[in-house]
Amino acid sequence: MFSRRGFLGTAALLSASAVTGRVQAAAIPEAPTMDKAVMQPPLHPTSGPEYRPVVTLNGWTLPWRMNGDWKEFHLVAEPVVREFAEGMKANLWGYNGQAPGPTIEAVEGDKVRIFVTNKLPEHTTVHWHGMILPSGMDGVGGVTQPHIPPGKTFVYEFQLKHSGTFMYHPHSDEMVQMAMGMMGMFVVHPRDPAFRPVDRDFVFVMSSYLIDPGTYLPKVNEMTDFNMWTWNSRVFPGIDPLPVRLGDRVRVRIGNLTMTNHPIHLHGHNFSVSCTDGGWVPESAQWPETTIDVPVGAIRAFDVLADNPGDWAFHCHKSHHTMNAMGHDVKNLIGVSRKDLAKAVGKLAPDAMVMGSTGMAMGDMEMPAPDNTLPMMTGTGQFGPIEMGGMFTVMKIREGLARDDYKDPGPYQFPKGTVAWEVEAPSNEPARQGPANAKPPAKDTRGGKPTHMKHMKM
Ligand SMILES: [Cu+2]
């Protein structure tokens, strides 16, 4: 739950003391803060139009107060410690106790007033990515406003013209501040609750970091060679699963503030892209997908009918992005004679293991690592090691979950006989069929059928 530092209560708690105008607005609302990196329950609106709130993977929604007809929020830009997964924490910059910052939720047509207090050691701004708003509210330091100096509070005021999925991040010391984790999502719900409603609505933003094993601080100058590929600054197995009730209509909204694109793939279903940071995709313009590429500096939301029960992998399809810290200049030794190699390596490093040459997958290995370092690939499922890290989690589709139940339902209970199984087979040479257009051997030299036909059943 929210820690008590400056917690102002849930939405509209203070609306009884409704006041209007800029003068009264000088009283700045308190800033809630979060001390945990676990998914908080959806924050239902207690005033204004009804909507189904989103849930943020390993995150939370920023409470607000009504002040007259303004919805008031308070973001505090500050240094934070973010746990990436159990066993690793990073010193980042974020908002209100976490990085990324809390998701902001409001309704199309709302007038929002967002206070931003800068507790960083350098100036900052907040840009509202994708929003159609007055130029002076756009948050580009030097272009549309002075930077917010350390210790100062600025206020942004605008009306939300369009519903959809947006982001916020600084436009100030650009490279450093986003590389330090400063970002968050901003969801504007349609004023008409009947517009494309869904039963579950997940949201997260992708960021990447280079944090050397054993250290805590991202190297902000890195442009390409990151080793932490994160969803909401979490990596597998630290990323929440997506629990879904069988038959639910589900929306997943994904922002990308890394330096590369991410093809995000869901197993067992097809879906269509319903929304980008530019607005809703007309239904007539949608087509079926199982992977959606999320470009840099963009948002893609997809809608899926969860009609297939089970545990469904949900991940970036760049396989290096489902890994944690690793050396990228390691030689591939698959196929190299183990004996010769071990002899050679053993001379140089008596404790070394030779990768891929012993019949061990990497998930079986345990290597000593410095403190505050995650294994490159990890996690264990009901059938053994999962051998992944980074941008990977599981959509868990189950019968009969309660509407707002987002607890991890545990591993899927597969109906008997529905899991791929082992069959009796000769252990040495499997029967092989030759190429389809190959001529059969002119003469059977072994006194029987041609060997490649021996075990075939047609
Ligand atoms: Cu990726």
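Two strands are taken to pair if DSSP finds at least two bridges between them, and strands themselves are DSSP runs (E, at least two residues), as helices are (H or I, at least four), both numbered from the N terminus. The structure described here is a predicted model, in which local features need pLDDT of at least 70 and side-chain atom pairs count only at pLDDT 80 or more, whereas totals for chains, interfaces and linings use all residues. Residues are numbered from 1 along each chain as its sequence is written.

The protein chain holds three helices and 25 strands. Of its 458 residues, 39% count as buried, a residue being buried if 20 or more other C-beta atoms, placed from the backbone, lie within 10 Å of its own, exposed if 12 or fewer do, and partly exposed in between. Where contacts join residues at least 6 apart in sequence, 73% of them link residues at least 24 apart, a contact being counted if the C-beta atoms of two residues, placed from the backbone, lie within 7 Å.

Strands of a sheet pair through backbone hydrogen bonds, either parallel or antiparallel. One open sheet is formed by five strands in the order S15-S25-S22-S17-S20, with mixed pairing. Its edge strands, S15 (242-245) and S20 (291-294), each pair on one side only, and neighbouring strands of this sheet are turned by 20° against each other on average, direction ignored, the axes being lines fitted to C-alpha atoms. Within this order, strand S22 (residues 310-316) and strand S25 (residues 392-398) pair in the antiparallel sense over six bridges, and Phe314 has Thr393 in S25 as its bridge partner.

A further open sheet, again of mixed pairing, consists of four strands in the order S7-S12-S11-S9. Here strand S7 (104-107) and S9 are the edge strands, each pairing on one side only, and the average turn between neighbouring strands, direction ignored, is 25°. Strands S11 (residues 164-169) and S12 (residues 184-189) run antiparallel and are joined by five bridges, with Gly164 standing opposite Val188 in S12.

Strand S16 (residues 249-256) is largely enclosed by the rest of the structure, because seven of its eight residues are buried. It is joined to strand S13 (residues 200-209) by seven bridges in a parallel run, in which the bridge partner of Met206 is Asn256 of S16. Eight bridges also join S16 to strand S21 (residues 298-305), and these two strands run antiparallel, Ile254 standing opposite Arg300 in S21.

The largest nonpolar core, a set of buried Ala, Val, Leu, Ile, Met, Phe, Trp, Tyr and Cys residues joined through C-beta atoms within 7 Å, has 90 residues, of which Met167 and Phe186 touch the most other members. The largest share of this core, seven residues, is contributed by strand S5 (residues 70-85). Apart from its neighbours within four places in sequence, Met167 is in contact with several residues, including His129, Met185, Phe186, Val205, Leu257 and Ile299.

Leu120 lies in the loop between strand S8 (111-118) and strand S9 (127-129), yet Leu120 counts as buried because 24 C-beta neighbours are found inside 10 Å. When neighbours within four places in sequence are left aside, the contacts of Leu120 are Ala77, Glu78, Pro79, Trp93 and Pro150. Between Leu120 and Gly94, which are 26 residues apart in sequence, the C-alpha to C-alpha distance is 9.2 Å.

Conventions:
Axes fitted to C-alpha atoms, helices over the stretch in contact; angles between N-to-C directions.
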